[in-house]
Amino acid sequence: MLNTLLPILLFAALGLAVLGALRRVAMWRQGRASKVDLIGGLFAMPKRYMVDLHHVVARDKYIANTHVATAGGAVASIVLAILVHGFGLHNRILGYALLLMSAVMFVGAIFMFLRRRNPPARLSKGPWMRLPKSLMAFSASFFLLTLPVAGILPENFGGWVVAAILGVGVLWGVSELFFGMTWGGPMKHAFAGALHLAWHRRAERFGGGRSTGLKPLDLNDPNAPLGVEKPKDFTWNQLLGFDACVQCGKCEAACPAFAAGQPLNPKKLIQDMVVGLAGGTDAKFAGSPYPGKAIGEHGGNPHQPIVNGLVDAETLWSCTTCRACVEECPMMIEHVDAIVDMRRHLTLEKGATPNKGAEVLENLIATDNPGGFAPGGRMNWAADLNLNLLSEKKSTDVLFWVGDGAFDMRNQRTLRAFVKVLKAAKVDFAVLGLEERDSGDVARRLGDEATFQLLAKRNIQTLAKYSFNRIVTCDPHSFHVLKNEYGAFDGNYGVNYVVQHHSTYMAEIIGAGALNLSQHKGSSVTYHDPCYLGRYNGEYEAPREVLRALGIEIKEMQRSGFRSRCCGGGGGAPITDIPGKQRIPDMRMEDIRETGAELVAVGCPQCTAMLEGVVEPRPLIKDIAELVADALLEDAAPGKPSAPAKREPAEVH
């Protein structure tokens with residue numbers, strides 16, 4: 001009987017799954033057009049799945065091994081089940097292969113079941129709790145059904161009772177795997193996830209690449225939307241990416257805003273976008289809510305505004321753009337892109353930037369700096385340093401990009417320290433002086449793409465007038481936009497020089513023997529990784545090289561390297577100032593205190609400001625440049641360094 005029913009059941013399920021797939025594709029295609037390599041992406045997908053995605057999953061060995069067994073066993077079991085029981089290829093070798101793969105799948109499902117017995121808070125519950133049982137039902141049923149094919153049991157063993165039980169098991173498992181992949185359910189991520197990897201909006205992330213610069217808006221196209229107002233304003237492959245979410249909650253666990261009790265949970269945000277894609281409410285969401293906001297009160301559809309429907313505006317403004325969510329996501333979803341796209345609509349179309357946001361943006365337009373300081377005071381910090389101006393030299397080896405820390409008394413100490421280091425190393429450097437403008441980072445993260453592009457193009461025009469080999473800056477935010485985002489506005493930008501963070505450059509000149517340094521004899525030190533240097537640009541090693549050159553043994557925080565906790569200073573968060581239960585820098589200071597270190601080495605003016613804003617008693621905060629400047633000896637190092645070789649940033653430490 002089952003030999004007759006199984007092919008009908010399998011092919012009927014496949015047919016309905018195909019209809020579901022067409023329905024899902026139609027939902028994704030509601031989004032805006034996006035250029036992707038459709039065929040090339042499909043061919044690249046297996047490698048992206050087995051290498052790039054698994055590289056992220058492998059950080060948790062338990063889940064990695066479980067995923068290999070369950071997913072690998074499921075794919076092989078489905079293919080073999082269709083061949084053996086669908087097409088009736090009762091070959092003993094195929095039978096044994098199906099037995100092996102279904103057994104592997106069953107073992108993986110057991111480990112999933114054990115994980116779900118006492119799941120971490122970040123994992124979604126609800127339908128996800130039944131998934132291990134469904135996978136066990138599928139694998140166990142096909143294992144027993146295949147025993148006769150392999151010649152281990154006789155045909156028609158067990159009679160009608162066994163046949164009925166196995167029929168129910170097959171129906172249960174097939175429904176979860178086949179229907180769930182395309183019609184909706186826990187297995188939806190398998191279908192959407194595979195295509196998301198194939199047609200990812202940042203294909204350059206794969207194969208060991210890095211892509212963190214925001215995508216520019218075409219402000220010259222009158223038909224192009226200024227940001228995202230409705231779900232259908234996202235590109236179709238962004239909508240596909242949202243649908244790929246596996247609801248593991250790793251983004252939730254890494255999010256500093258969620259931990260601080262601000263109304264943001266990146267996992268729920270992505271699921272809210274899925275609700276908007278299909279239409280409905282968030283009442284069935286089975287994970288953690290936005291802190292302070294009840295589940296079941298938000299809803300929408302592809303054609304309704306997102307803000308005040310699917311999400312509240314303060315959810316979007318809580319994000320520090322630290323990319324911890326993106327770094328941890330095993331499905332490689334781009335949460336930050338989506339948040340900034342929605343901010344762009346609020347800022348450009350609605351003028352609804354909260355708290356001091358509007359004032360900062362007005363200052364940038366009026367004075368070229370977010371603080372509204374008189375532009376003529378940009379070089380006051382260096383009045384006694386006799387710095388070379390590039391407008392006078394025309395050509396130099398290093399252009400020192402000062403940044404808007406020039407207007408901040410605390411950061412001026414860092415700038416002066418770095419100048420001292422450059423002079424000690426006899427570096428040929430100059431500054432732009434009054435020609436330098438804000439890099440535009442704050443404007444862009446706040447959604448004001450127009451002001452960002454205006455500042456970027458002005459700076460590019462200024463840079464084009466001069467000759468230099470590299471730009472070096474103490475500010476990771478300026479470093480990031482100069483290195484990764486300005487190139488979109490000038491095809492020749494960056495051809496003749498590189499952009500470096502000052503820690504990278506100092507590591508090079510120290511390595512070249514250009515500095516005569518004493519050894520650090522002071523207090524114990526820990527190092528805080530800035531988000532825009534680490535997660536955005538992969539530079540974790542250079543700051544540590546510099547500290548080791550000073551004889552410092554770093555007391556690493558539990559959350560360091562690519563898992564470093566944000567200080568709370570990025571993405572305009574101090575400007576929008578969305579309240580929570582605690583402050584993000586206070587949480588980071590607790591991480592610091594756990595090390596017992598008496599001094600914190602930093603490499604970012606935003607991080608310095610946020611950490612020094614923590615109420616004392618607390619450890620001393622010093623920029624790496626200040627530590628190097630303090631260690632300089634009077635005797636000059638022998639000779640002037642040749643141009644340091646370009647370093648490749650380290651990925652994880």
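**A first walk through the protein chain**

Hello everyone, and let's begin with the contacts: in the protein chain, among contacts with a separation of 6 or more, 78% are between residues 24 or more positions apart. What you have in front of you is a predicted model, so please keep that in mind as we go.

Let me start with the overall picture. The secondary structure comes to 26 helices and nine strands. Along the principal axes, the C-alpha atoms fill a box of roughly 95 × 50 × 45 Å. How does the radius of gyration fit a compact globule? For 653 residues such a globule would have a value near 26 Å, and the protein chain has 28 Å, which agrees. Of the 653 residues, 58% count as buried. The accessible surface comes to about 26400 Å², and carbon and sulfur atoms hold 58% of that surface.

Now to the outside. Please find helix α4, which spans residues 92-117. There is a nonpolar surface patch of about 530 Å² here, made by Y62, F106, V107, I110, F111, F113 and L114. Helix α4 gives the most to the patch, with six residues. One of the patch residues is I110, and its place is in helix α4. I110 is partly exposed, because its relative accessible area is 31%.

Move on to the loop between α4 and α5, where you will find N118. Is N118 buried or exposed? N118 counts as exposed, because its relative accessibility is 68%. If you would like a feel for distances, pick N118 and E392: they are 274 residues apart in sequence, and their C-alpha atoms are 68 Å apart in space.

Next, let's go inside, to helix α20, residues 476-485. This helix is mostly covered, with eight of its ten residues buried. The buried ones are P476, H477, S478, F479, H480, V481, L482 and E485. What covers them? The cover includes the helices α18, α19 and α25, along with the strands β3, β5 and β6.

Our next stop is a pair of strands. Strand β8, residues 599-602, pairs with β9 in the parallel sense, over four bridges. To see one of these contacts between strands, look at A601, whose bridge partner in β9 is K622.

A word on strands in general: in a regular strand the side chains alternate between the two faces of the sheet. Strand β9, residues 620-623, shows such an alternation. I621 and D623 point to one face and are buried, while L620 and K622 point to the other and are not buried.

Then comes helix α26, residues 624-631, which is also mostly covered: seven of its eight residues are buried. Those are I624, A625, E626, L627, V628, A629 and A631. Among the elements that cover them are both strands we just met, β8 and β9, together with β7 and the helices α17, α21 and α22.

Let me finish with one residue from that cover, T414, which lies in helix α17. T414 counts as buried, because its relative accessibility is 2%. Which residues does T414 touch, leaving out those up to four places away in sequence? T414 touches C474, D623, A625 and E626. You have met some of these already: D623 is on the buried face of β9, and A625 and E626 are among the buried residues of α26.

That is the tour, and thank you for listening.

Methods. Residues are numbered from 1 along each chain as its sequence is written. This is a predicted model: local features need pLDDT of at least 70, side-chain atom pairs count only at pLDDT 80 or more; totals for chains, interfaces and linings use all residues. Side-chain values use heavy atoms; hydrogens and water are left out. Patches are made of residues with over 30% relative accessible area and no salt bridge: like charges are joined within 9 Å, nonpolar side chains (Val, Leu, Ile, Met, Phe, Trp, Tyr) within 5 Å. Accessible areas come from the Shrake-Rupley method with a 1.4 Å probe; for residues, only the protein chains shown count as cover. A salt bridge is a side-chain nitrogen of Lys or Arg within 4 Å of a carboxyl oxygen of Asp or Glu. Helices (H or I, at least four residues) and strands (E, at least two) are DSSP runs, numbered from the N terminus. Buried means under 20% relative accessible area, exposed over 50%, partly exposed in between (1.4 Å probe, protein chains only). The radius of gyration is taken over C-alpha atoms; the globule rule is 2.2 Å times the number of residues to the power 0.38. Contact means heavy atoms within 4.5 Å. Two strands pair if DSSP finds at least two bridges between them.
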